[in-house]
Amino acid sequence: MKKIVGLCAVIGLLFAFSTTAMAKGKSQGNIEFGELSCQEFLQGVAKGDEASVGMILMWLDGYLSGVSGDTELNWEGFESFSTALAETCAKSPKKKVLDVAKAVGIE
């Protein structure tokens with residue numbers, strides 16, 4: 001029972017963060033990840049609020065999960081993916097963020 005309550009709380013928080021980020025994102029326009037460079041990605045992350053950045057990272061993780069067929073959300077893996085993505089993008093600002101995300105996120 002505790003697991004179900006905990007899961008509902010996590011889903012509720014994610015929904016609250018995502019709806020806030022979506023409302024803010026509408027004024028910013030769509031993100032074309034296929035064309036987005038690491039430099040542009042990092043600039044957007046630096047300007048974005050926590051909820052928006054979290055939503056973008058969740059989208060990237062979901063995209064990679066779809067590509068790889070992974071169906072598990074691993075919170076520790078998500079944190080290491082986010083860190084590796086930021087570090088690798090900082091070293092290669094001209095690379096496309098999806099290329100870097102695939103390299104650091106798909107084993």
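Here are some worked exercises on a predicted model of a single chain.

**Exercise 1. The overall fold**

Find how many helices and strands the chain has, and what share of its residues counts as buried.

*Solution.* Start with the secondary structure: the chain has five helices and zero strands. Reading along the sequence then gives the pattern α-α-α-α-α. Next comes burial: 23% of the 107 residues count as buried. Finally, turn to contacts between residues at least 6 apart in sequence: 70% of them join residues at least 24 apart.

**Exercise 2. The disulfide**

Locate the disulfide, work out its handedness, and decide whether its cysteines are buried or exposed.

*Solution.* Begin with the chemistry: a disulfide is a covalent bond between the sulfur atoms of two cysteines. Here the sulfur atoms of Cys38 and Cys89 are 2.2 Å apart, which is within the 2.5 Å cut-off. The count for the structure comes to one disulfide.

Now place the two ends. Cys38 belongs to helix H2 (residues 38–47) and Cys89 to helix H4 (residues 75–91), so the bond ties together parts that are 51 residues apart in sequence. For the handedness, take the torsion about the S-S bond: it is about -50°, so the disulfide of Cys38 and Cys89 is left-handed.

Last, check the accessibility. Cys38 has 0% relative accessibility and counts as buried. Cys89 also comes out as buried, at 0%.

**Exercise 3. A neighbour of the disulfide**

Describe the surroundings of Leu42, including which residues it touches.

*Solution.* Leu42 sits in helix H2. Leaving out residues up to four places away in sequence, Leu42 touches Ala86, Cys89 and Ala90. One of these, Ala90, is 48 residues from Leu42 in sequence, while their C-alpha atoms are 7.6 Å apart in space. The relative accessibility of Leu42 is 25%, so Leu42 counts as partly exposed.

**Exercise 4. The aromatic cluster**

Trace which residues are linked into a cluster by ring pairs, and classify the pairs that Trp59 makes with Phe33 and Tyr63.

*Solution.* A pair of aromatic rings is described by the distance of the centres and the angle of the planes. The structure holds three aromatic pairs. Take Phe33 and Trp59: their ring centres are 4.3 Å apart and the planes differ by 10°, a stacked pair. Phe33 is in the loop between helix H1 (2–28) and H2, and Trp59 is in helix H3 (residues 50–68), so this pair ties together parts 26 residues apart in sequence.

Move on to Trp59 and Tyr63. Their centres are 5.4 Å apart and their planes stand at 10°, so this pair is stacked. Both residues lie in helix H3, four residues apart, or about one turn of the helix. Putting the steps together, ring pairs link Phe33, Trp59 and Tyr63 into a cluster.

Accessibility completes the picture. Phe33 is buried, at 7%, whereas Trp59 is partly exposed, at 40%. Tyr63 is partly exposed, with 28%.

**Exercise 5. Helix packing around H4**

Determine how H4 packs with H3 and with H5, and name the residues in contact.

*Solution.* Two packed helices are described by the angle between their axes and the distance between the axes. For H3 and H4, the angle is about 105° and the axes are 11 Å apart. The two helices are therefore roughly perpendicular to each other. On the H3 side, Leu57, Met58, Leu60, Asp61 and Leu64 meet Phe78, Phe81, Ser82 and Leu85 of H4.

Now consider H4 and helix H5 (residues 97–105). Their axes come within 9 Å and cross at roughly 130°, which makes H4 oblique to H5. The crossing is right-handed. H4 makes the contact through Phe81, Ala84, Leu85, Thr88 and Cys89, and H5 through Val97, Val100, Ala101, Val104 and Gly105.

**Exercise 6. A loop residue**

Find where Leu73 lies and which residues it touches.

*Solution.* Leu73 is in the loop between H3 and H4. Not counting residues up to four places away in sequence, Leu73 touches Met58 and Asp61. Leu73 and Met58 are 15 residues apart in sequence, with a C-alpha to C-alpha distance of 9.7 Å. At 35% relative accessibility, Leu73 counts as partly exposed.

Key:
Residues are numbered from 1 along each chain as its sequence is written. This is a predicted model: local features need pLDDT of at least 70, side-chain atom pairs count only at pLDDT 80 or more; totals for chains, interfaces and linings use all residues. Side-chain values use heavy atoms; hydrogens and water are left out. Buried means under 20% relative accessible area, exposed over 50%, partly exposed in between (1.4 Å probe, protein chains only). Rings of Phe, Tyr and Trp (its six-membered ring) pair if their centres lie within 6.5 Å; planes under 30 degrees apart count as stacked, over 60 as edge-to-face and the rest as tilted. Axes are lines fitted to C-alpha atoms, for helices over the stretch in contact, and angles run from 0 to 180 degrees between N-to-C directions. Angles under 35 degrees count as roughly parallel, over 145 as roughly antiparallel, 65 to 115 as roughly perpendicular and the rest as oblique. A crossing is left-handed if the near helix is turned anticlockwise from the far one by less than a right angle, and right-handed if clockwise. Contact means heavy atoms within 4.5 Å.
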